[in-house]
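User: I have a structure open and would like to go through it piece by piece. Can you help me read it?

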Amino acid sequence: MTQPAPAPTVQRVDAKHRYEILVDGKTAGLTAYRDRGDQRVFYHTEIDDAFAGQGLASLLVQQALTDVRASGKRIVPVCPYVAKFLKKHDEFADITDPVTPEVLQWLETVLAR
């Protein structure tokens with residue numbers, strides 16, 4: 001009998017400004033953020049091709065957003081995947097802020113450092 005694959009785990013890696021999803025201890029993907037006051041600005045999500053089609057991006061983003069709620073912060077979905085996820089999951093609407101030109105300019109400055 002084969003062992004069932006262990007469930008993917010999501011961890012926040014503050015030093016790298018991202019959440020990672022691990023499968024069998026290997027990093028399968030990430031969603032990157034930067035904090036702006038009480039806002040967590042998500043700007044990029046990716047899943048490694050070797051792990052595509054397993055629903056990992058959705059699981060990763062859901063757990064990341066749940067962590068944002070628990071930390072008392074608000075979500076700014078610059079990342080297209082996170083924005084799309086939020087359209088389908090209105091349980092996060094109460095802590096979601098709009099993407100504004102000011103946020104985009106701030107993010108560009110922070111990422112250029």
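Analyst: We can take the sheet, then the helices, the core and a few single residues.

User: Fine. Is this from an experiment or a prediction?
Analyst: This is a predicted model.

User: In what order do the strands of the open sheet come?
Analyst: The order is β1-β2-β3-β4-β5, so the open sheet has 5 strands, and the pairing is mixed. β1 and β5 (74-77) stand at the edges. Each of these two has a single partner strand, so one side of each is left without a neighbour in the sheet.

User: How much is the twist from one strand to the next?
Analyst: The twist averages 30° from one strand to the next.

User: You said mixed pairing. In which sense do β3 and β4 pair?
Analyst: β3 and β4 are antiparallel, with 8 bridges between them. They form a hairpin with 2 residues between the strands. G37 sits in that turn and has a positive phi of about 65°. As an example of the pairing, L30 stands opposite E46 in β4.

User: And β4 with β5, parallel or antiparallel?
Analyst: β4 and β5 run parallel and are joined by 4 bridges. V41 has V76 in β5 as its bridge partner, and F42 stands opposite P77 in β5.

User: What links β4 to β5 in the β-α-β unit?
Analyst: Helix α1 does: β4, α1 and β5 make a β-α-β unit, and the unit is right-handed.

User: Which strands does α1 touch?
Analyst: Helix α1, residues 56-71, packs on the sheet and touches β1, β2, β3, β4 and β5. The direction of α1 makes about 165° with that of β4.

User: What about α2, where does that helix lie?
Analyst: Helix α2 covers residues 80-88 and lies across β3, β4 and β5. It runs at about 115° to β5.

User: New topic. Which residues in the largest nonpolar core touch the most other members?
Analyst: They are Y19, F42, L65, I75, V82 and F92, in a core of 21 residues. Two or more residues come from each of β2, β3, α1 and α2. With 6 residues, α1 gives the most to this core.

User: Why would nonpolar side chains be buried together?
Analyst: That is a general tendency: in soluble globular proteins, nonpolar side chains tend to be buried together.

User: Take L65. What does L65 touch, not counting residues up to four places away in sequence?
Analyst: L65 touches F42, I75, V82, F85, L86, F92 and I95.

User: Now Q39. Is it buried or exposed?
Analyst: Q39 is buried, because its relative accessible area is 10% and buried means under 20%. Q39 lies in strand β4, residues 39-47. Leaving aside neighbours within four places in sequence, Q39 is in contact with R34, R74, V76, D97 and V103.

User: Last one. Which residues have a positive phi although they are not glycines?
Analyst: H17 is one of them, with a phi of about 55°. D24 is another, with a phi of about 50°.

User: Where do those two lie?
Analyst: H17 lies in the loop between β1 (9-13) and β2 (18-23). D24 is in the loop between β2 and β3 (26-36).

User: And what is the accessibility of H17?
Analyst: H17 is partly exposed, with a relative accessible area of 27%. That value is in between the cut-offs, under 20% for buried and over 50% for exposed.

Note on methods. Residues are numbered from 1 along each chain as its sequence is written. This is a predicted model: local features need pLDDT of at least 70, side-chain atom pairs count only at pLDDT 80 or more; totals for chains, interfaces and linings use all residues. Side-chain values use heavy atoms; hydrogens and water are left out. Buried means under 20% relative accessible area, exposed over 50%, partly exposed in between (1.4 Å probe, protein chains only). Contact means heavy atoms within 4.5 Å. Two strands pair if DSSP finds at least two bridges between them. Axes are lines fitted to C-alpha atoms, for helices over the stretch in contact, and angles run from 0 to 180 degrees between N-to-C directions. A nonpolar core is a set of buried Ala, Val, Leu, Ile, Met, Phe, Trp, Tyr and Cys residues joined through side-chain atoms within 4.5 Å. A crossover is right-handed if, with the strands pointing away from the viewer, the path from the first strand over the helix to the second runs clockwise.
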